[in-house]
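Please look through the following structure step by step, with the sequence and the 3D view side by side. The paragraphs below lead from helix packing to charged pairs and then to the surface.

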Amino acid sequence: MFVVQLGFLATYLSEPIIKAFTNGAALHVLVSQLPSLLGLPLPRCTGSFTIFKTLASVAQALPRTNMTELLISALCLALLVPIKEINTRFRSKLRTPIPGEIVVVLAATGVCFASSLDTRYDVQVVGHLPAGFPQPRLPALQLLPQVLGDTVAVAFVAYAVSVSLAMIYAEKHGYTINPNQELLAHGVSNLVSSLFTCFPSSATLATTNILESAGGHTQLAGFFSGAVVLMVLMWLGPLFHYLPKAVLACINVTSLRQMVLQFWDLPELWRISRIDFAVWVVTWLAVVVLNVDVGLAVGVVFSMMTVLYRTQRAECMVLGKAANTEIYRPVQRYSKCFEIPGVTIVAYHAPIYYGNCGFFREALSRQLGLSRPEGSRGKKAVWALESGAKMSISTVETCVPSSVPDGRAGCPSSGTTGRTQAAILDCSGIAFVDSAGARLLIQMCMGCQKAGIRMNLAACNGEVLETLTSSGLGQHLSPQQVFVTVQDAIACITQTAEKVAEKNLAIWV
């Protein structure tokens, strides 16, 4: 994945997906610790509905709860939770965080060894930890065809978990990450560990939270953590034979509390963007109900569908000019903006491509009145007048310039306020146009020409102009109808209307 530079896949992990994914994964971890907290030796559930299967098994086996292990869990939680809160709230005042986990592990191991809790009260302990490294050997590559599909899922989920956690803490501490560098690190570590029959490695929620809450900021923290693990593997492993599993479960549970508290961010996310809120909820439900890997895929697909929905259902807005300014804003949202008589300014803030051509056609036709049959001779006459045709006599309803308050003087007046003589398409929000979109714009220009409306384009970027020019738009739209800004288009239309009004003779009919 690093060789082919697949780090760009991290761009599809939006913030709602990352937070919902990590929150759902944390819930999986919390539920998986319940048997250890209660002293219930239950088999581990896998596949879809894992959380519900585990909860059902725990509920059925609840009468067989080991009260000694339940007491150990309660005491450990009562000690670790306050220590975690103290370390979090007084981090700036404490030179070194209180090592609550180390104290609990050492105390619980000593008490269990001295009291023989494993034999007298059936307390589950870690058991024998073999010292030393396993002999390096090549993996059984002949089994690869049987597990190839699972390995792909494991690789993507492991990368997603690691990058998600990296993004969360990068945002928290104000730095950036390189997704391809993360791929390189995971690839090298897994290649080396595969020679020692290790599990596939990835960042874990509990360990990462423990390391961050302990004050780790640089890679030295990982170096010292690895050194401690190495010492345990080589020499200290047998000393943790009597460590109760309930203590490890309590450490995992307390370290994940920050992930679970992300629920408090949902009201703010609802106020900011309801679509992002929906992405969060759908991803979280998929991770919790289905599984981590399937839930991640569902979240990414649903997030991409929301992007398609936004581009397909983008609003086609009519712009108006703010009083005494050259700023144009949507008239439906700003009450102090007015429409220029005879000119309709339309803005579309989405790319025009094959997926939204139909929606764009309907929206633009509705705003310009092309969906209504309006083939009047007066409109055609106005079209000829504005286009500069050589007409000695123009039959119009009125041609007397009208003064408009709030700086509207000088704008073309049609005499019939509901009639559009010229249209301006503000293309500043159109990122790109494909071949289908270009053909649609050509069709709209031809439709406007037949209806007696002069179509103008404003604020087109270079890529859009190049695509439209290559598609033959120049045959239906002259260069004089393409402007740098909307204000330039308005000024040109106003000057043209004033010159033609002074040149031609008007007759009352």
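In this predicted model, helix H1, which covers residues 15-32, and helix H14, which covers residues 274-289, have axes that come within 8 Å and cross at roughly 30 degrees. Because angles under 35 degrees count as roughly parallel, H1 is described as roughly parallel to H14. The crossing in which H1 passes H14 is right-handed.

Both of these helices also take part in salt bridges, of which the structure holds four. In H1, the side chains of Glu 15 and Lys 19 meet in such a bridge, with a distance of 3.0 Å from N to O. The two residues are four positions apart in helix H1, so about one helical turn separates Glu 15 from Lys 19. Glu 15 is partly exposed, with a relative accessible area of 40%, and Lys 19 is partly exposed as well, with a relative accessible area of 21%.

In H14, the residue to look for is Asp 276, whose side chain meets that of Arg 310 in a salt bridge of 3.5 Å, N to O. This pair links distant parts of the chain, for Asp 276 lies in helix H14 while Arg 310 lies in helix H15 (residues 292-312), 34 residues apart. Asp 276 counts as partly exposed at 24% relative accessibility, and Arg 310 likewise counts as partly exposed, at 39%.

A further salt bridge joins the side chains of Arg 89 and Glu 85, at 3.7 Å from N to O. Here the partners are four residues apart in helix H4, which spans residues 67-89, and are therefore separated by about one helical turn. With 66% relative accessibility, Arg 89 counts as exposed, whereas Glu 85 is partly exposed, with a relative accessible area of 29%.

From the charged pairs, the view can turn to nonpolar side chains on the surface. Met 1, Leu 144, Val 147, Leu 148, Val 152 and Phe 156 make a nonpolar surface patch of about 470 Å². One of these residues, Val 147, lies in helix H7, which runs over residues 144-173. Val 147 is partly exposed, with a relative accessible area of 34%, and because patches are made of residues with over 30% relative accessible area, this value of 34% allows Val 147 to be counted in the patch.

Technical notes: Residues are numbered from 1 along each chain as its sequence is written. This is a predicted model: local features need pLDDT of at least 70, side-chain atom pairs count only at pLDDT 80 or more; totals for chains, interfaces and linings use all residues. Side-chain values use heavy atoms; hydrogens and water are left out. Patches are made of residues with over 30% relative accessible area and no salt bridge: like charges are joined within 9 Å, nonpolar side chains (Val, Leu, Ile, Met, Phe, Trp, Tyr) within 5 Å. Accessible areas come from the Shrake-Rupley method with a 1.4 Å probe; for residues, only the protein chains shown count as cover. Buried means under 20% relative accessible area, exposed over 50%, partly exposed in between (1.4 Å probe, protein chains only). Axes are lines fitted to C-alpha atoms, for helices over the stretch in contact, and angles run from 0 to 180 degrees between N-to-C directions. Angles under 35 degrees count as roughly parallel, over 145 as roughly antiparallel, 65 to 115 as roughly perpendicular and the rest as oblique. A crossing is left-handed if the near helix is turned anticlockwise from the far one by less than a right angle, and right-handed if clockwise.
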